[in-house]
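Subject: Structure handover

Dear colleague,

Please find the structure below, with its sequence. My notes on strands, salt bridges and one loop residue follow it.

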Amino acid sequence: MFEQQRPNMNDDKQVAQISDTISSINWSPRDNHIIATSWDKQIYCWEIAADGSSQAKVNKEFPAPLLTASWHSDGSKVYVAGCDNKAYIWDLASNQTQQIAEHAAPIKYCKWIADRNLLLTTGWDNSIKYWDGNSPNPVLNVQLAAPVSCADVNGNLCVVAMTNRNVNIYNLSSNPQKPYRVAEQPLKFNFPIQSIACFPDKKGFAVGSIEGRVGIQHVDSDKSKDFAFKCHRMKSNIYAVNSISFHPRYGSFATCGGDGIFHFWDKQNRQRLQAFKQCNMPITCGSFNTDGSIFAYALGYDWSRGAPGYNQNNMRASLYVHGVADKEVKPRPRR
């Protein structure tokens with residue numbers, strides 16, 4: 001699948017190389033600090049300069065592989081969760097942790113909701129839970145029809161994709177317990193949803209499937225604005241869309257694929273803005289920083305080819321940063 005080549009053909013700067021796959025990356029809301037969770041049970045934090053150079057700040061090991069993290073709005077703490085079914089708050093200055101949540105199965109996604117001073121957690125036990133950090137019990141527990149494959153929150157918009165291929169859409173300001181709408185099987189051919197991300201304007205979301213397809217969905221019921229397109233395909237090979245991230249200023253978005261390529265897309269004009277060169281491993285996740293000037297992405301094995309496709313000797317995970325030019329992400333009229 002991947003040619004023998006240097007790890008990154010885009011000449012982007014490597015932040016670090018670690019022993020196992022990076023499951024999530026998140027930028028601080030305050031500055032250019034970035035955190036990465038990994039299957040090696042650790043969470044890492046680096047400071048990224050404008051020129052792409054980096055400095056390791058702190059890391060912490062947990063009891064089990066980590067799947068998700070979310071910054072506190074003040075930028076001094078991080079919420080982190082994963083395969084031990086628990087969520088923790090991690091204080092970066094002291095490097096100390098405290099458990100604040102627990103599920104009956106691994107936690108796939110967590111998000112600090114600053115407007116409500118609550119932590120949202122959801123995962124493979126068919127539930128969404130909200131925590132205030134003061135009680136060992138959730139302040140709200142929402143039961144779902146199936147385990148969660150991915151989720152995202154932006155303001156009052158919460159979208160939760162489940163293994164039954166449906167997406168629950170919640171308005172957190174009016175009713176966090178009952179979906180505002182259920183998008184039933186939003187992708188053609190009913191393939192599992194691998195990734196999801198809310199629009200910056202909170203009017204909709206994008207979903208990516210294991211079958212190399214992205215769907216654009218709007219919260220209102222006007223289906224004429226929704227569309228889907230194929231991507232991350234090479235001849236007869238089809239790869240998962242592992243990650244979707246929206247640019248905070250322009251509303252364009254990035255997809256990262258199991259083919260080792262990331263693309264920038266213009267949903268407004270339904271076109272690709274920029275395609276990048278193939279890396280030597282799948283890209284497991286990607287994220288724009290708060291002003292959209294840097295795009296970070298992780299290379300590592302995504303287990304799409306199972307255990308036979310894994311080679312421990314040449315599959316160490318890496319984190320890279322790409323300096324984003326306006327011409328790469330700014331929407332433009334179709335030619």
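To begin with one pair in the sheet: N168 has V182, in β17, as its bridge partner. Please keep in mind throughout that this is a predicted model.

The two strands concerned are β16, residues 167-171, and β17, and they pair in the antiparallel sense over three bridges. They belong to an open sheet of four strands, in the order β14-β15-β16-β17, with antiparallel pairing. The edges of this sheet are β14 (148-154) and β17 (181-183), each of which pairs on one side only. From one strand to the next, the twist averages 20°. As general background, strands of a sheet pair through backbone hydrogen bonds, in either a parallel or an antiparallel way.

Elsewhere, β2 (residues 22-27) and β3 (residues 33-38) also pair in the antiparallel sense, here over five bridges. Within this pair, I25 has A36 of β3 as its bridge partner. The connection from β2 to β3 is a hairpin through five residues.

Next, the salt bridges. How many does the structure hold? There are six salt bridges in the structure. I describe some of them here.

The side chains of K57 and E47 form one of them, with an N to O distance of 3.6 Å. This pair links distant parts of the chain: K57 lies in strand β5 (residues 54-61) and E47 in strand β4 (residues 42-48), 10 residues apart. K57 has a relative accessibility of 42%, so it counts as partly exposed. E47 is also in the partly exposed class, because its relative accessibility is 33%.

A second salt bridge joins the side chains of R233 and E211, at 2.8 Å from N to O. Here too the pair links distant parts of the chain, 22 residues apart: R233 is in strand β22 (residues 233-234), while E211 is in the loop between β19 (204-209) and β20 (213-218). Are the two partners buried or exposed? R233 is partly exposed, with a relative accessible area of 27%, whereas E211 is buried, at 9%. The cut-off behind this split is 20% relative accessible area, under which a residue counts as buried. E211 and R233 are also part of a network of salt bridges that includes R213.

K225 and D220 form a further salt bridge, in which the closest N and O atoms are 2.7 Å apart. K225 is partly exposed, with a relative accessible area of 32%. D220 counts as partly exposed as well, because its relative accessibility is 31%.

The last item is P147. Where is P147 placed? P147 sits in the loop between β13 (140-143) and β14, the latter being an edge strand of the four-stranded sheet described above. P147 has a relative accessibility of 26%, so it counts as partly exposed. Leaving aside residues up to four places away in sequence, P147 touches G123, W124, N126, A161, M162 and T163. As for T122, it is 25 residues from P147 along the chain, and the C-alpha atoms of the two are separated by 8.7 Å.

Regards

Methods
Residues are numbered from 1 along each chain as its sequence is written. This is a predicted model: local features need pLDDT of at least 70, side-chain atom pairs count only at pLDDT 80 or more; totals for chains, interfaces and linings use all residues. Side-chain values use heavy atoms; hydrogens and water are left out. Two strands pair if DSSP finds at least two bridges between them. Axes are lines fitted to C-alpha atoms, for helices over the stretch in contact, and angles run from 0 to 180 degrees between N-to-C directions. A salt bridge is a side-chain nitrogen of Lys or Arg within 4 Å of a carboxyl oxygen of Asp or Glu. Buried means under 20% relative accessible area, exposed over 50%, partly exposed in between (1.4 Å probe, protein chains only). Contact means heavy atoms within 4.5 Å.
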